[in-house]
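User: Hi! Could you walk me through this structure once it is up on the screen?
Analyst: Happy to, here it comes.

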Amino acid sequence: MRDHLALLSWVGVQTQGLGDLLRKFGSVGALLRATDEDLSGLSPATARAFCTARDHWPAINPAFEAVGPFDFLPLGDPRYPALLAEIPDPPPWIFVEGDSSTLSAPCISVVGTRRSSQRGERAAREISEYLAAAGYTVCSGLAMGIDAAAHHGALNGGVTAAVLASGLDRPSPVRNLPLAERIRRRGCLVSELPAGTSASKYQFPRRNRIISGLSVATIIVEATLPSGSLHTANSALEQGRDVYVLPWSVYHQPGRGCLSLLRDGAIPLFELERLSDYFPGVEKPGEPIRIDLPPIQQRLLDHIGDGWITADSLALAIDLTPGELLATLGHLELAGLVRRVRGGYEST
């Protein structure tokens with residue numbers, strides 16, 4: 001561990017390609033004896049940092065402050081997640097806060113857009129709760145929207161792991177700090193970045209490969225175009241892992257990336273009842289409670305579907321007076337079946 005910490009003190013966040021070489025050479029000591037030709041897999045920034053460390057190695061002292069109160073798991077450590085060690089460009093080390101044994105259970109990634117719909121968040125919560133209750137660790141990225149919903153759902157059923165694009169002492173966004181604290185107590189936070197590192201847009205794609213790399217499969221609940229969730233899906237495919245997506249309507253903006261993934265061969269997840277077909281041990285959800293609505297309310301709800309629609313468009317489609325329309329929508333709002341958004345309505 002001392003050699004890994006010493007290397008960390010020089011390369012910091014510049015780790016691209018370093019995990020591949022550590023896996024190839026087996027130890028930091030052996031890697032230090034590598035030729036410049038052997039370093040061809042490193043990014044230019046990582047190569048410069050590594051060569052500087054190699055040139056000054058006898059004088060290097062490990063930067064223990066980078067570890068802080070966290071578990072430090074270098075590649076090759078028995079506690080380092082086995083699936084993560086198999087991916088292209090694995091993290092040369094990870095920091096873990098909480099229960100690192102959370103990563104020993106089979107992990108499933110549940111991720112999606114920050115600009116999520118209420119239906120998408122509900123799906124993420126329910127999927128994650130079923131998976132966690134069956135003993136899976138639900139892995140996500142602590143972001144607003146689908147990620148947060150996945151963590152909340154998993155905590156209702158079992159445990160979850162949040163992978164950060166920052167040091168573990170600086171989880172973001174600030175709004176999710178209470179959620180991060182819950183995850184520390186009922187799961188773990190994970191990062192390859194040392195303490196003191198703030199979240200950066202350049203680190204999110206690197207973070208995403210860890211989310212998928214920890215997992216036997218990835219479920220994309222909602223993904224806009226463009227979307228960081230698509231990066232996670234692409235990482236999963238490059239790692240040889242299955243990708244499942246929810247098949248939203250073509251008019252459902254937060255789900256357009258899911259349709260793109262389906263076109264490229266992702267596995268459609270048509271109904272929650274099928275989770276048990278794909279993930280052993282998951283109990284089939286019970287039949288959804290059916291709410292018997294008056295015909296006109298049901299027609300409105302069916303017409304809204306998965307998308308968003310203005311009140312004027314609804315009135316024209318259903319042939320209601322403005323007063324009848326507002327009264328009917330009011331009943332649906334009170335029942336929690338629709339909500340007002342952006343000058344229109346969407347179903348929940």
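**Chat about α13, α14 and the whole chain**

Analyst: Let's start at Gly305, which follows helix α13 and has a positive phi, near 55°. Helices here are DSSP runs of H or I with at least four residues, strands are runs of E with at least two, and both are numbered from the N terminus.

User: Before we go on, what kind of model is this?
Analyst: This is a predicted model, where local features need pLDDT of at least 70, side-chain atom pairs count only at pLDDT 80 or more, and totals for chains, interfaces and linings use all residues. Residues are numbered from 1 along each chain as its sequence is written, and side-chain values use heavy atoms, leaving out hydrogens and water.

User: Cool. Which residues are buried in α13?
Analyst: In α13, residues 295-304, the buried ones are Gln297, Leu300, Leu301 and Ile304. Buried means under 20% relative accessible area, exposed over 50%, and partly exposed in between, with a 1.4 Å probe and protein chains only.

User: And why are they on the same side of α13?
Analyst: Because they cover an arc of only 95° around the axis. That arc is taken from the directions from the helix axis to the C-beta atoms. On the other side of α13, Pro295 and Asp302 are exposed.

User: What do the buried residues of α13 pack against?
Analyst: Their partners are β10 (308-310), α14 (311-318), α15 (322-334), β11 (338-341) and β12 (344-347). Contact here means heavy atoms within 4.5 Å.

User: OK, on to α14. Which residues are buried there?
Analyst: Leu314, Ala315 and Ile318 are buried in α14. They share a side of α14 because their arc around the axis is only 100°. Asp312 and Leu316 are exposed on the other side of α14.

User: What do the buried residues of α14 pack against, then?
Analyst: They pack against α13, β10 and α15.

User: Which residue follows α14?
Analyst: Asp319, and its phi is positive, near 60°.

User: Switching to the whole protein chain: how many helices and strands?
Analyst: It comes to 15 helices and 12 strands. The C-alpha atoms fill a box of roughly 80 × 35 × 35 Å along the principal axes.

User: How much of the protein chain counts as buried?
Analyst: Of its 348 residues, 53% count as buried.

User: Last one: what share of contacts comes from residues 24 or more positions apart?
Analyst: In the protein chain, they account for 70% of the contacts with a separation of 6 or more.
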